[in-house]
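Please open the model in your viewer and keep the selection tool at hand, as this tour moves from charged side chains to aromatic ones.

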Amino acid sequence: MNTLVFLRDNAPWLAAGMLLTFLSSFGQTFFISIFAGEIREAFQLSHGEWGGIYTLGTTASAAVMVWAGGLTDRFRVRALGAIILGMLMLACFSMALNPVWWLLPLIIFALRFTGQGMTSHIAAVAMSRWFIATRGKALSVATLGFAAGEALLPLIFVSLMLSIDWRILWMVAGFIAIAGVPILLMLLRQERTPQSLTGSDQSQGMEARHWTRNQAIRHWLFWFMVPALLGPSAFNTAFFFHQVHFAEVKSVSHIELVVFFPFYTGVSILAMVASGWALDKVGTARLIPFMQLPMVVAFLLFALAKGTPGLWLGFLFLGLNTGLNTTLPAAFWAEFYGTRFIGSIKAMAAAVMVLGSAIGPGVTGLGIDLGLGIETQYVGVALYFVFTTVTMSLGIARARPLLPARTA
C-alpha cells in the first residue's frame, strides 16, 4: 500500500495512537527526571533515596499493569484512554501540590502507571490489533508521539524552569493531559473495537494458533526474551533519570545536555520508521535479535567519552535502539503469539518493562551513593546488552520454525 494512501485512509486511528504516546510523556522517566534536582532539594533526598522512591512507585505500577493491561482486550480505546488520561491529570496535580516526601512513592506510582504504563500500552495494543499487514507502519507512525515528547518537552520545560516554579509546571502538564480527552474522543468516533476483530481478521502466532497469557508465560521463548525486555527499560530509564548527575560528571550544564535530546529523538524517529518498514517486509524474527547491539556501543561511549563528540555518538546509538525498541517488541508479541489475546499478553510484557524501569534508577542510584561511579556502571551495562543479544538470538532461532509460513 502506498504510504500516503495508508496515512490518509487511517489518519484518525494513527493520530489517536500518536496522541496517546505523546501524552504518556508525563509519566515517562525522561520527563519526571527533568525535575529530579528540584524534587531532591525540596524533600532533602539523596540520589539513592530518590532512586529508591522511584523504584518503589514504579514496581507497584508494574504489578498493577499485569491486571490492568488486560482491560484493553475488553474495552474500547476511546473509553479506556479517556479514563486513564483523567487519572494522569490527577497524578500531575498531585506532584504539584504534594507537601511531604512520604507521598512521593504513591505519586510516582500514579504517574508511571497512567503515563508510562497504561497510556503507551493502550496505543501499542491498538496498533497491533487494528493493523496486520501494515502493523509495522502503524506502530512507527503512532510511536512518533514518543519521539515528539522526548524532543520537545525536556527542552521546553527545562527552559521554563528558569523563570517558573517547577510545581506550576506540573499543573501545566496536568492540563495538557486532560486536554487530550476531547481530541481522543473526536478521533475515535468510529473506533475499530476489540470485539469486531475476534474472528478471521486476527493474525495467528506460533503453531498457527492464538496464545493466551498463561500459555505465553509458560512458553520458553517468553523467558528467553525477559532479559531483553528488562534491559532497555532499566538502563535507558536510569540514564535519563540521572541526567543531572551525568551532566555534572561530564562537566556540562543541564541545559547543555538537554540540547542533545532533539538529536537523539531525530535519530530514533528515523530508526523507528526504518524498522517499521523493514518488519513489514522481512518480519520481526529476522530483525529483533540484533536490536540491542546499539546499546552496547552507546553505553561504552557514555562511559568513556571525555568530550562533546563522544556524547553526540552516544546519543546517536541510543537513538537507534530507542527507535527499534518502539516498534519491534510490540510487533514481536503479535507475530509470535497471535493477536486475539494481545492485550493481556503485552500487559505482562509491559509489566516486565515497567519493572525494569523501576530497577534501573534504584540500582544505579544506590551505586552512586556507594561510590561506584556512573561511568564505571555504564561499562557493566554495555556488557549486559551483549548478554541480552545472545539470549534473544538463541530464543528466536529456536522459535522461528514454529511460525506460520507467511511470517516465518
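A residue is called exposed here when its relative accessible area is over 50%, and buried when that value is under 20%, with partly exposed in between. The model on screen is a predicted one. By the first of these cut-offs Lys306, with a relative accessible area of 72%, is exposed.

**Charged side chains**

Start by selecting Lys250, Lys306 and Glu375 together, since these residues are linked in a network of salt bridges. How many salt bridges does a search of the whole structure find? The search finds two.

Zoom in on Lys250 and Glu375, whose salt bridge brings the closest N and O atoms to 2.6 Å from each other. Because Lys250 sits in the loop between α13 (243-249) and α14 (254-258) while Glu375 belongs to helix α20 (residues 374-399), this pair ties together parts that are 125 residues apart in sequence. If you colour by accessibility, Lys250 counts as buried at 10%, whereas Glu375, at 21%, is partly exposed.

Keep Glu375 selected and turn to Lys306, where the two side chains meet in a salt bridge with an N to O distance of 3.9 Å. Here too the pair links distant parts of the chain, as Lys306 lies in the loop between α17 (293-304) and α18 (308-337), 69 residues away from Glu375 in helix α20.

**Aromatic side chains**

Next, display the aromatic rings, for which the count comes to 41 pairs. One of them joins Trp211 and Tyr337, whose ring centres are 5.5 Å apart and whose planes stand at 90°, so the pair is edge-to-face. Which parts of the chain does this pair tie together? Trp211 lies in the loop between α10 (166-187) and α11 (213-218) and Tyr337 lies in helix α18, so the parts brought together are 126 residues apart in sequence. With a relative accessibility of 3%, Trp211 counts as buried, and Tyr337 counts as buried at 0%.

Now select Phe246 and Tyr378, an aromatic pair with a tilted arrangement, in which the centres are 6.1 Å apart and the planes make an angle of 50°. Since Phe246 is in helix α13 and Tyr378 in helix α20, the pair ties together parts that are 132 residues apart in sequence. Both Phe246 and Tyr378 are buried.

**A charge over a ring**

For the last stop, select Arg398 and Trp220, and rotate the view until you look down on the ring of Trp220: the charged end of Arg398 sits over this ring, 4.1 Å from its centre.

Key:
Residues numbered from 1 in each chain as written. Predicted model: local features only at pLDDT ≥ 70, side-chain atom pairs only at ≥ 80, totals over all residues. Heavy atoms only, no water. Salt bridge = Lys/Arg side-chain N within 4 Å of Asp/Glu carboxyl O. Helix = DSSP H or I, 4+ residues; strand = E, 2+ residues; numbered from the N terminus. Buried < 20%, exposed > 50% of the residue type's maximum accessible area, 1.4 Å probe, protein only. Phe/Tyr/Trp six-rings, centres within 6.5 Å; stacked < 30°, edge-to-face > 60°. Lys NZ or Arg CZ within 6 Å of the ring centre and 35° of its normal.
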